Amino acid sequence: MKKILASLMLCMAALTPAMAAEPATGSFEAGKGTFLLNGEPYVVKAAELHYPRIPEPYWDQRIKQCKALGMNTVCLYVFWNSHEPREGQFDFTGQNDLRKFVKLCQENDMKVILRPGPYVCAEWEMGGLPWWLLKKKDIRLRENDPYFLERVDKFQKAVAGQVGDLTVANGGPIIMVQVENEYGSYGIDKEYVGNIRDMLRRNFGDKVTLFQCDWSSNFLNNGLDDLFWTMNFGTGANIDQQFAKLKQVRPDSPLMCSEFWSGWFDKWGANHETRPAADMIAGIDEMLSKGISFSLYMTHGGTNWGHWAGANSPGFAPDVTSYDYDAPISESGQLTPKYHALRKTLAKYYDGKKLPAIPASIKAVTVPEFTLTEVAPLFANLPEPKEDAELKTMEEYDQGFGSILYRTTLPALAAGSTLTVSDAHDFAQVFVDDKYIGKLDRRLGEKELTLPAVKEGARLDIFVEAMGRINFGRAIKDFKGIVGEVTVTEPRGKHNFTCKLKDWKVYNIEDTYDTYTAIGEFMPTGAFTPGADGRLPRGVYRGTFKVNKVGDTFLDFSTWGKGLVYVNGHPMGRIWEIGPQQTLYMPGCWLKKGENEILVFDILGPRDTKVAGLREPLLDNLLVTKPLTHRLEGQTLDLGGLKPALTGSFKGGNGWQEASLPKPVRGRYIALEAVDAVDGGDNAAIAEFYVVNDKGQRLVREPWTVVYADSEDVDGVNRSADKMFDLQESTYWSTVKGTPFPHVVVIDLGSVQNVGAIQYLPRMEAEVPGAIRNYRLYVSEKTFNIK
Ligand code: GLA
């Protein structure tokens, strides 16, 4: 008996600490002016981390880094497409082990905010939606499409099956669950948002606090009465102004910025993005001094492994592999000066206690330069083709990712004929009888190439590489491959002869490790000499490298073209010679002591097959030949003699302003001429800009292009004029300091429209730099006089 009692007591002793740390049931709710955790006032200090972007063996260390920073919560997205790669096949293992991650947060005494979408944005492929949804061609994404809702429900059930028992009410760490994501930047549809809410209620129970996040300018559009509302905005923003409207409509609501952007993401062919640490720290200090909760997006960004990076829109701006984000914890988990400075500030708000110790960092190593010694050239190793009279997209071939080659024959054509591909998603290379003709880069809006004279029956190859699907705005329904048609046009005197090409052979090259290893015959790279362009053949390159001491490193691909990299079977990500990213983060946990295998599918061909493992990343090495500005050297715009359609002056301060034309004017081109600034300085800046038609509707901005801007600040930053319509209120067009007024931007609306009014959003900072005072607007059916 004594024995039994003793072992019972032992059991109880083992149980007690765990039970004391976390009550069996708890509560989290939005009280009057504050959150309440188990009835006590609580300020959420959340670190945004995305577990699939961090190597699983490093999860615990990264969570501890956030805790040591002074955070009390981890905010995370659940990426639907990484959990359900094929319809009905769920994966919650390894990098996708959501439950393990949430449990690790709990073990580290961190609360969790769960954001299961279904759409998440996040610069992630298709904003987290699975590509296979597009197999239903007419699907209405993020709307009340019955098939879409049915699949969302199944996904959310699966998520709840993993972590539904880990809500605070069940004694777990999950304090809140987010409904959809910034729906205001997509549309107005309360019924749809309500459906997502109801699904979450069904799957997570009625005790969990549900919330929405949006921008201060649009949160009312879809705000549901029974949900908690939070605002998203970036460092530097005027915080009082961001919450002003919410305070008016819900005076008792606790305040939370659920995405306070620490930095920003990088796009191929654009400058590396950074944001000042001082602005971030001032913002957090201000919020905490006012008892405002926040999530720091990103506290640690991590990596878009493999093909998971998304692309931004309007336009097409694919994101790079690194998601460093200029966050306090770098892509590879190194603590930056931003981290240490922020930690000092957060220490002030730690209830007088000492911050937890910083965990040991993971050591970086160098790997001496090595070369990839084998290649399987692409065109000598094509898979079995399919045959189709008409063109089909990648999705119609049940292919989600990778490349696709479309092959057909041409009619006889005179020199100077034009090939039109509308559209190739995303990077096409065209060959006639094996000769390279040119490329069509969707980023640059390229659709046409001039062909040499060809004989009837010449072989046309269009090799299309898919990049990430668009993750933002209405363009997320982003099919890959060729999405329209291909025509050739031959000039014949006064008339052109146009013919649509048919009868295709189609070669699908799905992006998987198995595809590349099984592609065909590998030969020594030494058997090939570089072509006139200095490149070795397009194809799959293979090699091995030795590691003596395992550690984190950065593989340098500066001499390679464009493609995808695998190391020891792990998908490491995309490379592209244009930069700004030139290295890929190679976590030591995926390396082995001794020999490691590397595989590169290079769709352009490398100039040299060498790679070295560096100790520091190269994220800021842009090698583009096309200027980032919209004005050629010496070019000027002459508006002389034209009558403005509208003359007016904006008032100072933050927030949207609208001005109507005395009467609507038809036109395709608009010139907005800023005459002077509110602060009397020389700088003009515009965060967002809309044209409203005669019916009061905002024009769709997808077809817009900047024709001309007198001055654009692109010196190490991305403040070109297209930022006026990039659907991001925190990025902006800015002129170069020292360039005098007037400043002018010309936009091509894509087609003739009725211009009834303009809407203008200045910068978000309290001091509103570059706020425009007097302006003139010109509208014209023809382009302006640019010389
Ligand atoms: C929004 C989205 C996030 C992310 C950021 C930009 O706030 O909600 O998913 O895309 O923008 O990094």
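Biologist: By class, what residues does the lining of the second largest pocket have?
Modeller: The lining of that pocket has 13 nonpolar, eleven polar and five charged residues. Keep in mind that this is a predicted model.

Biologist: Okay, and what volume does the second largest pocket have?
Modeller: The volume of the second largest pocket is about 760 Å³. There are 29 residues lining this pocket, and the closest to its centre are Ser82, Pro85, His307, Trp308 and Pro571.

Biologist: Which elements supply at least two residues each to the lining of the second largest pocket?
Modeller: Those would be α3, which covers 80-83, and β30, which covers 570-576.

Biologist: Let's switch to cavities. How many of 30 Å³ or more does a search of the whole structure find?
Modeller: The search turns up four cavities of that size. The largest cavity has a volume of about 140 Å³. It is lined by 16 residues, and Cys121, Glu123, Glu182, Glu259 and Trp261 are the closest to its centre.

Biologist: How do the residues lining the largest cavity divide?
Modeller: You get eleven nonpolar, two polar and three charged residues in the lining of the largest cavity.

Biologist: And what takes up the space of the largest cavity?
Modeller: The ligand does: the space it takes is the largest cavity.

Biologist: Cool, so let's talk about the ligand. Which residues come nearest to the ligand?
Modeller: There are 15 residues around the ligand, and Tyr77, Glu123, Glu182, Glu259 and Tyr325 come nearest. As for classes, the shell around the ligand divides into ten nonpolar, two polar and three charged residues.

Biologist: What lies 2.8 Å from an oxygen atom of the ligand?
Modeller: A backbone N or O atom of Ala122 does. Glu182 also comes in here, with an N or O atom in its side chain that is 2.8 Å from an oxygen atom of the ligand.

Biologist: Where does a polar side-chain atom of Trp261 lie?
Modeller: That Trp261 atom lies 3.3 Å from an oxygen atom of the ligand. On top of that, the ligand taken alone exposes 300 Å², and the protein buries 99% of that area.

Biologist: Back to the holes for a sec. What volume does the second largest cavity have?
Modeller: It comes out at about 60 Å³ for the second largest cavity. This one is lined by 13 residues, with Phe557, Ile575, Trp576, Gln581 and Gln582 the closest to its centre. The elements that give two or more residues to this lining are β30 and β31, the latter covering 583-586.

Biologist: Which element gives the most to the lining of the second largest cavity?
Modeller: β30 gives the most, with three residues. By class, the lining of the second largest cavity has six nonpolar, five polar and two charged residues.

Biologist: New topic: backbone oddities. Which residues does a cis peptide bond with omega of about 10 degrees join?
Modeller: Ser313 and Pro314 are joined by that cis bond. Pro314 is placed in the loop between β12 (311-312) and β13 (317-318).

Biologist: And what about the peptide bond from His425 to Asp426?
Modeller: The bond from His425 to Asp426 is cis too, with omega near 20 degrees. You'll find Asp426 in the loop between β18 (417-425) and β19 (427-432).

Biologist: Why pick these out at all?
Modeller: Because most peptide bonds are trans.

Biologist: Last one: is phi of Asn38 positive or negative?
Modeller: Phi of Asn38 is positive, near 50 degrees, and Asn38 is a residue other than glycine. Most residues other than glycine have a negative phi. As for its place, Asn38 lies in the loop between β2 (35-37) and β3 (40-42).

Note on methods: Residues numbered from 1 in each chain as written. Predicted model: local features only at pLDDT ≥ 70, side-chain atom pairs only at ≥ 80, totals over all residues. Heavy atoms only, no water. Near = heavy atom within 4 Å. Polar contact = N/O pair within 3.5 Å; in protein donor to acceptor, adjacent residues only side chain to side chain. Areas by Shrake-Rupley, 256 points an atom, 1.4 Å probe, with all protein chains shown as cover. 1 Å grid on protein atoms, 1.4 Å probe; cavity = no way out; pocket = protein on both sides within 12 Å on 5 of 7 lines; lining within 4 Å. Sits in = over half its atoms within 2 Å of the grid points. Nonpolar A, V, L, I, M, F, W, Y, C, P; charged D, E, K, R; others polar. Points joined across faces, edges and corners; volume = space filled by probe spheres on them. Helix = DSSP H or I, 4+ residues; strand = E, 2+ residues; numbered from the N terminus.
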